[in-house]
Structure formats: C-alpha cells, structure tokens
Amino acid sequence: MLSIKRVPTVVSNYQKEEGGEAPEGGCDRNCLKSCCIQGARLPFYALKRVDKVAEKELPLLGCKEHCSVAFLDSLILGEWEERMQRGLFRYDVTACETKIIPGEYGFIAQLNEGRHLKKRPTEFRVDKVLQPFDETKFNFTKVGQEEVLFQLEASDNGEAQFSPNAPIDVENSPSFVAINVSPIEYGHVLLIPRIFECLPQRIDHASFLLALQMAVEAGNPYFRLGYNSLGAFATINHLHFQAYYLAMPFPIEKAPTKKITKLSDGVKVSKLLNYPVRGLVFEGGHTLESLANAVSEDCICLQHNNVPYNVLISDCGRQIFLLPQCYAEKQALGEVSAELLETQVNPAVWEISGHMVLKRKKDYDEASEANAWRLLAEVSLSEERYEEVTALVLKAIASVDLSVKPQCAEEVDSVSSGTQSGMVAGSQQCLVLQ
C-alpha cells in the first residue's frame, strides 16, 4: 500500500480531533443528526428549470456591469455575510493578502496562513478514489445547523421558489449549502447533495447536474464551483462541492483549447493547450442535462479506474474543466522535490485553476510564474498517461453516445482561447473513438 502524507483541513467548527458518535441522549450542539434535527427549519430554495445554458453575449467577467443580480446569488452572499458577522469563521479571509503574479498567465497568489495554522489531519486513505462512507469519521451531518445557509433542490414545477423558514424533509434527503469555516475566498460555501443519504465523495449524474444548475442560476461569472476527488485533495469522504467568489479570471479560463470531438447532443470536448496541467474542457450541449451527463460520465469512468481528478465549473456553467492529476502519488513515491513539499501547498482544484493558496509569507513574497508552473507541472499526468486516460474517458462517452463518429485531425484542430482564436494546420490522421 502506498504511504501518502495525510491532508489537513477543517471545514466545520464541529470537526473534532477524533471521530465517534454523538453521546446517548443527544449532542446538545444543534447538529444535523437525529439527536437534533427533529423540528428544525432552514431557508429553502428551489432551482428553476434551465434547459440550456444561455449563449455568452459578453466576455467572461464582463456581464456583472450589465446583468441584474440573480436571487440565488444574493441569497448566497447575504447568508454568508450574516454568518461572518456572527463570527462563525475561523479567520477573516477578507484580511488575506492577494496579488496577481507578473507573467503571461496571471497566476493569482493568496497568503492564507489561517488555513495552515488551524487544521488537522484527514481521516481516510488518499490512494483510493472510491472508498465507502464511514459514519464514525467526520461528515456533514455533524455540522451545526447555524453553519447551513439553506436547503437547495430542483423545483418540482420548473419555477424558482424560496421559503425563508421551511421544515427539513429528512426522508427525502435535501441538498444543503453550508459555509466552509476555513474559507479560501469571499463567499466560500459547500454544496452537499442529498446530505442524509451519506454518499461518499464520488460524482454521480444527479449530483453533478445539481452543481451545474447552481452555477447557472447564480448567474455570476465570479462564482465558480469546484470538486476534488479522493486522492486529489478532497479532505472529507462525504459528497460535496466547493464554491466561492473571485472577481478576476482564473489562468485556466484564459488558456487556449483544441477541439477533440463533438457529441451528438451538441457537447464539445476539447483539450487544454499551453497550460501546466493537462485536462479536458466541456462546453455547449443541446440541454443542460446533456452537458452534465457528458462530464459526469467521464468522472465516473475516472473513479472506476482509480484516477484522481478535479473539476472546475466556470463561466456560469458554460465551461467545465476535467483535470486528472497524480501529485499525491508522486508524493508517495518520493518524486516531489523537498522544496515543493516544504510549501505545504496541496494542489486541489483552485490551485490547479491558477489560484495559488500559499501558507507561508516566504512563499507569497517569492511567488513567481516559474514557481507556480513548477508546482502545477508536478500535478499533471505525463503526456503518455494523459493520452491513455483521455482514451478511457472518450470511450466512456462513446458507450453512451453511439452516434459519435470518427473525426479527422483537420476537423478537430480548431484552437481557441479567452483572448484570441485561430487555426493550426491539420493532418489527415483520424481520431477513432472505439
């Protein structure tokens, strides 16, 4: 068995040094377990039905000056700010220094010493992507009700609905949006799908669709959702996504892409170019569900093949990045330099996307594009392994989309980026999805 360094984190004020059940007679801390949940009420938001992500009419991060604020967006921020005023966070994230690192990519560096000083080890193996849920370990049913912002579900009738004080239907296992008490950025929240089902950290079709719907309905390009699998620096083995606001583009969002194929339901699959981490990009689709299904099918494929990965949902749900990684494996094999290990940076979805959360003042002061690139290059699969993994996920897509046809390289060599687009010379070699 690989010996991999444990990843520290604290996401709830009720996360303890040890696992274990609540004492007989209740825990007296207003949690979400049976000892406290009876009769509890929380705000409830029902997502409206969205058949398709609207076409982008304005550049990324450009629509905030032109679009009205969505109710869900204001709900997240309003509830989060109320928890901040109540002192529920472990430190003031607004006091953390942030800067854009000079260079072509515009990596973002944040000095967040609070996440380094106020953490504890995780409680599961990180060399297996799929692991069973363990009730004795920390999970989100053990958080305090005051840390939950609201319940979140898809609307029954397709229309958005909100109730400020709704009962909790434990039998139907609602999804919750809760604060992360060790925030990386303003508005840092956790989306916990079907919380009372106690699902382990693995993506399924329904949970990913819910996350995508949340991104679309928030309607704010500053708001991104991220996912870390086990082995890719997830720290709790209870299904959850993370999300926060950052009012600037991530470097990965500006990276050029090269089209690989287009599915029969309109989903375009591309690969990242000229970026330190190799990955796939998903866009379009005739329906929102078709886009969600394409990505989740590939995530399921990676899970079954024990490939750790991260996902970024960007641009109000229009663009999704799927990023297999191997940093923890390299750590275990002793292939990561001591210099990188000393930074104690665990490259999860935000770091891979270009938001470098640094824990030491020295690393923040010396932050450079070369240092960021060197760290992320260690995260990425090798070219050979990436091609093997890409073949796996394309085969997974083809198995559920039988109309996918072989495409010649000259058809898939279109290159696009956030700032420019162009064409590169193609060849007559064909990509065959078997």
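The largest nonpolar core of this predicted model has 68 residues. Within that core, Leu 225, Phe 282 and Val 311 have the most contacts. Helix 4, residues 205-218, supplies the largest share of the core, with nine residues. A second core lies apart from the largest one and holds 38 residues, including Leu 323, Tyr 327, Ala 328 and Ala 372. In soluble globular proteins, nonpolar side chains tend to be buried together.

Leu 225 is a good place to start. Setting aside residues up to four places away in sequence, Leu 225 touches Leu 191, Ala 211, Met 214, Ala 215, Phe 241, Gln 242, Ala 243, Val 311, Leu 312, Ile 313 and Trp 350. One of these partners, Val 311, is itself among the residues with the most contacts in the largest core.

Now turn to helix 4. Leu 209 sits in this helix. Which residues does Leu 209 contact, leaving aside its neighbours within four places in sequence? They are Leu 288, Glu 289 and Ala 292. Leu 209 can also be placed against Val 295, which is 86 residues away along the chain. The C-alpha atoms of these two residues are 9.5 Å apart.

Next come the cavities. The structure holds three of 30 Å³ or more. Rolling a probe the size of a water molecule over the atoms shows where empty space is left. The second largest cavity has a volume of about 50 Å³. Its lining consists of Gln 201, Gly 226, Tyr 227, Asn 228, Phe 233, Ala 234, Thr 235, His 240 and Gln 242. Strand 8, residues 223-228, gives the most to that lining, with three residues. Gln 242 appears in the lining and also touches Leu 225.

Backbone angles add detail in two loops. Most residues other than glycine have a negative phi, and most peptide bonds are trans. Asn 306 has a positive phi, near 55°, and is not a glycine. Asn 306 belongs to the loop between helix 6 (288-304) and strand 13 (309-314). Asp 315 also has a positive phi, of about 55°, although it is not a glycine. Its loop runs between strand 13 and strand 14 (319-324).

Are these two residues buried or exposed? Asn 306 has a relative accessible area of 38%, so it counts as partly exposed. Asp 315 has a relative accessible area of 5%, so it counts as buried.

Helix 2 offers a check on geometry. This helix covers residues 71-85, 15 residues in total. At 1.5 Å a residue, the helix should span 21 Å. Its end C-alpha atoms are 21 Å apart, so the model agrees with the expected span. Buried residues in helix 2 are Leu 72, Asp 73, Leu 75, Ile 76, Leu 77, Glu 79, Trp 80 and Arg 83. Gly 87 follows the helix, with a positive phi near 75°.

Finally, step back to the whole chain. The protein chain contains 13 helices and 19 strands. Of its 434 residues, 57% are buried. Among contacts with a separation of 6 or more, 74% join residues 24 or more positions apart.

Confidence varies along the model. The chain averages a pLDDT of 85, and 81% of the residues score at least 70. Over residues 17-25 the pLDDT falls below 50, and this stretch has 11 contacts in the model beyond near neighbours in sequence. Residues 419-434 also have a pLDDT below 50, with 28 contacts in the model beyond near neighbours in sequence.

Technical notes
Residues numbered from 1 in each chain as written. Predicted model: local features only at pLDDT ≥ 70, side-chain atom pairs only at ≥ 80, totals over all residues. Heavy atoms only, no water. Helix = DSSP H or I, 4+ residues; strand = E, 2+ residues; numbered from the N terminus. Expected span 1.5 Å × (residues − 1). Buried < 20%, exposed > 50% of the residue type's maximum accessible area, 1.4 Å probe, protein only. Core = buried A, V, L, I, M, F, W, Y, C linked by side-chain atoms within 4.5 Å. Contact = heavy atoms within 4.5 Å. pLDDT = per-residue confidence, 0-100. 1 Å grid on protein atoms, 1.4 Å probe; cavity = no way out; pocket = protein on both sides within 12 Å on 5 of 7 lines; lining within 4 Å. Points joined across faces, edges and corners; volume = space filled by probe spheres on them.
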